[in-house]
Structures are given as C-alpha cells and as structure tokens.
Amino acid sequence: MGKIALLVGVSVCDMGFPPLRKARANVEVLKRALQGTSSGFVVQTLNDPSLLDMMEAIEQLFRHCEDTDQVLFFFSGYGIKDVDGQLYFAAPHTALDDRGNLIRSRTMPIRFLHNVMDTSPAGRQVVMFDCCFRQTGGVSPTEGETLMEDTYNHLIGDRRVILSATTSTQHLPEPDSLDAWSYTRYWAEGAATGAADIDCDGSLTVKELHYYAQRKLQVAAPDQHPQFYGSEDTANQLVLQVPSQTPIVRYRQFLEKIAQTSEIDTTEFRILSGRNTLNTFRQHLGLSPQDAANIEADVLRPFQERQQRVQLYQELLSKLTQGTE
C-alpha cells in the first residue's frame, strides 16, 4: 500500500483579489508535517503553478496509483463560484473578460477534479480545501454568503473524504496584519505534535486530525466552520503513527484535555485551574518548567488569536464609525 500526497498552493490570480500569502505557507507546513512524521507519504508540492501543470499533476496523482493506495490532495487558494452555480479553482492567470465574466478556460472546474477522482483506482482518497471562496456574476459585497454544502456533497463517495476549512463564500480574506493560524496549520500541528491523538493509542486518523483543527478554530475563529464530508470508513483509516509515550506528547495531550474545561487567563494566556496537578505531572514526566511553558503557550494559541481578531475588528469598526461621522 502506497501513500501519495499532492499539495497545491495558489497565492495570486489576475482577478484583482488580494494575494493569499498563506497559501504557500499552508503547503509548506503541511509538507513538513507529513514528511516529519511516520506517515509514509511521498509528497509533491506545487506553488503558483500554471493551470496546465496543476491539472496534469492532479490527473497523474489520481490515475497513476493502485487500488490499495491512499491519496491525499490539498488545495489552498481561491475557489470561485460562477453564475452557473459551479465551482472553479483559480490559477495564477485566472481572470475576467472585458464584460466581467469569468474566463473559464483559465480555471480548473471542479468537474475535472470530480472526474479524475471517480475514475481513480485509489481505494482511499482524502481531499483538503483551505480556500477563500468568492463569487462572480455581479454579486454585491452586501449580499449574503453562499454555502458550499451542495458542492461538497456532490464530491463525496464511498472511498472519499472531503475536508474543508470553510463552508461558505467570503468577500474578503483575513487581513495580513492578523497573525493567525489556518485550518491547515492546526491540522498539521495535530499531526506533527501528536496532540490530535485524543485516545492516546499512538495513531492518528483523518477524522481525529480534522476534529483537532476544528476544535482549535472554534476557539480562535468561531465564525469559521470547518466541516467533514464523506466516508466514515476512510476517515477512520490510519494516516500516521505518533510516539504517544514520550514525555512531551503525553504532557501536550494532558494539557489539551484540561484546556477544554479550565478557566483561561486571557491576559497572560495561562491555564488557571489545576496548576498543582500540572506541576506534579510535569515533574513526573521529567519536563523542565520552560518546556512545559512552551507547550502551554502552543496549546493556548487559539485563545490569543481570538483576542487578536476581536481587537482588530474593533479597530476596523472604530475607523468605519469615524468615517461616517
């Protein structure tokens, strides 16, 4: 059984959208997580590829495999929902014509991805989208968001799992001034640190990694709603193994559980309750106070991000209010 991953990041396109600088970062952090663990994945990455190179790589990924293989496809970039209701993925030269219509020959339609997945012999297929979904066709920024549920439900199959960082179209990506992690970075963190191994059995599944990232974003960005679609059987298959009995992993897993119910100091970002228990457990594991503090800072990162978001949006609201006076 082979494991093959293709990670694609498209940070720019010719449609006048803001650059998605995190697209490249998402690719790199996921690559490091997969290659730095016992995942067994052979990883290929593409950053800002041409449309032809991107489509050829995707076709080869799903076609050149065996029925026992596990295939992981990841895309971070702009997804564009056009007036026909269909989803298209942007490449660097994706653009609008002089009438404001999407030039579809410069995009990858989701129908293409659906076709190569359906005709692939791969017995287990995992697809991850960490995208900024936008709409064309004269959709006003004041109009409501469009849910992507139907699009995802059409993609699922008995052998396939779809993971998505968001379930609706967005008019603007998060500002670069916000130092926040993405769904992908939390997914990768759960893999690299073993923190997503909630049952502490030394193995991680797609489902465990998704729920770990989802739980983190529920704290850091409650308006985002990462979702899982598709085969429970595929989602519960082993993705990688983690050294669950090492002191760092055990302390991290213990902290993750406590953080879900403990009172958090949002000034210094510390867990307030159970300090004596934490200190006793740290000493039992032989961890230094500094190592334990570093792990705690990582575990509480979502709370800090949430505060950053609130502060940033308050500043933006203040500027808008002052501008109307």
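**Briefing: a loop threonine, a helix pair and two positive-phi residues**

Thr-136 is placed in the loop that runs between strand S8 (132-135) and helix H4 (149-155). The model is a predicted one. Beyond the surroundings of Thr-136, this briefing covers the crossing of helices H8 and H10, and two residues with positive phi, Asp-48 and Cys-200.

**Thr-136 and its surroundings**

- The relative accessibility of Thr-136 is 9%, and because the limit for a buried residue is under 20%, Thr-136 counts as buried.
- Leaving aside residues up to four places away in sequence, Thr-136 is in contact with Met-15, Ile-80, Lys-81, Asp-82, Val-83 and Leu-96.
- One of these contacts, that with Asp-82, includes a polar contact between the two side chains, at 2.4 Å.
- Ile-103 stands 33 residues from Thr-136 in sequence, and the C-alpha atoms of the two are 11 Å apart in space.

**The pair H8 and H10**

- Helix H8 comprises residues 247-259 and helix H10 residues 289-299; their axes come within 10 Å and cross at roughly 45 degrees.
- An angle of roughly 45 degrees falls outside the ranges for roughly parallel (under 35 degrees) and roughly perpendicular (65 to 115), and H8 and H10 are therefore oblique to each other.
- The handedness of the crossing between H8 and H10 is right-handed.
- On the H8 side, the residues in contact are Ile-248, Tyr-251, Arg-252, Leu-255, Glu-256 and Ala-259. They meet Ala-292, Ile-295, Glu-296, Asp-298 and Val-299 on the H10 side.
- By class, the residues of this contact between H8 and H10 comprise seven nonpolar and four charged, with no polar ones.

**Positive phi outside glycine**

- Asp-48 has a phi near 50 degrees, a positive value in a residue that is not glycine.
- The location of Asp-48 is the loop between strand S2 (41-47) and helix H2 (51-63).
- Asp-48 counts as partly exposed because its relative accessibility is 21%, whereas buried would require a value under 20%.
- Cys-200, likewise not a glycine, has a positive phi of about 55 degrees.
- The loop that holds Cys-200 lies between helix H5 (183-193) and strand S10 (203-205).
- With a relative accessibility of 30%, Cys-200 counts as partly exposed.

Note on methods:
Residues are numbered from 1 along each chain as its sequence is written. This is a predicted model: local features need pLDDT of at least 70, side-chain atom pairs count only at pLDDT 80 or more; totals for chains, interfaces and linings use all residues. Side-chain values use heavy atoms; hydrogens and water are left out. Helices (H or I, at least four residues) and strands (E, at least two) are DSSP runs, numbered from the N terminus. Buried means under 20% relative accessible area, exposed over 50%, partly exposed in between (1.4 Å probe, protein chains only). Contact means heavy atoms within 4.5 Å. A polar contact is a pair of N or O atoms within 3.5 Å; within protein, one must be able to donate a hydrogen and the other to accept it, and residues adjacent in sequence count only if both atoms are side-chain atoms. Axes are lines fitted to C-alpha atoms, for helices over the stretch in contact, and angles run from 0 to 180 degrees between N-to-C directions. Angles under 35 degrees count as roughly parallel, over 145 as roughly antiparallel, 65 to 115 as roughly perpendicular and the rest as oblique. A crossing is left-handed if the near helix is turned anticlockwise from the far one by less than a right angle, and right-handed if clockwise. Ala, Val, Leu, Ile, Met, Phe, Trp, Tyr, Cys and Pro count as nonpolar, Asp, Glu, Lys and Arg as charged, and the others, Gly among them, as polar.
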